[in-house]
Amino acid sequence: MNLRFATIAPAAEQRVREFAVAAYPNEGCGVLLGRRDGTRMVIVDVTSARNMWTERSADRYDLDPVDFMKADRDARSRGLDVAGIWHSHPDHPARPSQFDTDRAWRDYVYIICRTTQSGAEDVNAFALEEEGKPFAQITLDISPVPGGVR
């Protein structure tokens, strides 16, 4: 069953924006924590991670695996799962690039936040229909969810 929707807690969505702005003019990245509910991913919290892609950090990200493991442990300790990945697109639309698509995993939500000198702008969510296929934009609702940011 493919993901069609994502709901993110307002405080978590705000943290994505703050982390993305803090990384500007480079790409920021992090992990989405939550749980799956049928075709919906419920995102209750987010983390920030180190972007290991140093030579092209303005248009690429490589999430530090140590930060991913820390986020996974944190999620499990709270009865949650890794729900996906977020990253920013400095001065570019909040749409996945081919690079993003090539590195994506099925069953995760990918949130992309456009950043500019003025701050965070569009925030969009995507999911893969099938491995190796293009991303599909999915509906992103910002609304309270149980077990939100602590």
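**Strand pairing and helix packing in the barrel**

Strand β2 (residues 29-37) pairs with strand β4 (residues 81-90) in the antiparallel sense, with 6 bridges between them. Within this pair, Leu33 has Val82 in β4 as its bridge partner. All of this comes from a predicted model, so that is worth keeping in mind while looking around the fold.

Stepping back, the β2-β4 pair belongs to a barrel closed by 7 strands, which follow one another in the order β1-β3-β2-β4-β5-β6-β7 with mixed pairing. Going from one strand to the next, the twist averages 35°. Helix α1 (residues 10-23) packs on the sheet. The strands touched by α1 are β1 (5-8), β3 (40-46), β4, β5 (109-116), β6 (119-128) and β7 (135-142). As for orientation, the direction of α1 makes about 60° with that of β3.

On the other side of the pairing list for β4 comes β5, and here the two strands run parallel, joined by 7 bridges. His87 stands opposite Ile112 in β5. Strand β5 itself is mostly covered, with 7 of its 8 residues buried, and β5 is also among the strands that α1 touches.

From β5 the chain passes to β6 through a hairpin of 2 residues. These two strands run antiparallel and share 6 bridges, with Cys113 standing opposite Val123 in β6. Put together, β4 pairs in the antiparallel sense with β2 and runs parallel to β5, while β5 in turn runs antiparallel to β6, which fits the mixed pairing of the barrel.

Methods: Residues are numbered from 1 along each chain as its sequence is written. This is a predicted model: local features need pLDDT of at least 70, side-chain atom pairs count only at pLDDT 80 or more; totals for chains, interfaces and linings use all residues. Side-chain values use heavy atoms; hydrogens and water are left out. Two strands pair if DSSP finds at least two bridges between them. Helices (H or I, at least four residues) and strands (E, at least two) are DSSP runs, numbered from the N terminus. Axes are lines fitted to C-alpha atoms, for helices over the stretch in contact, and angles run from 0 to 180 degrees between N-to-C directions. Contact means heavy atoms within 4.5 Å. Buried means under 20% relative accessible area, exposed over 50%, partly exposed in between (1.4 Å probe, protein chains only).
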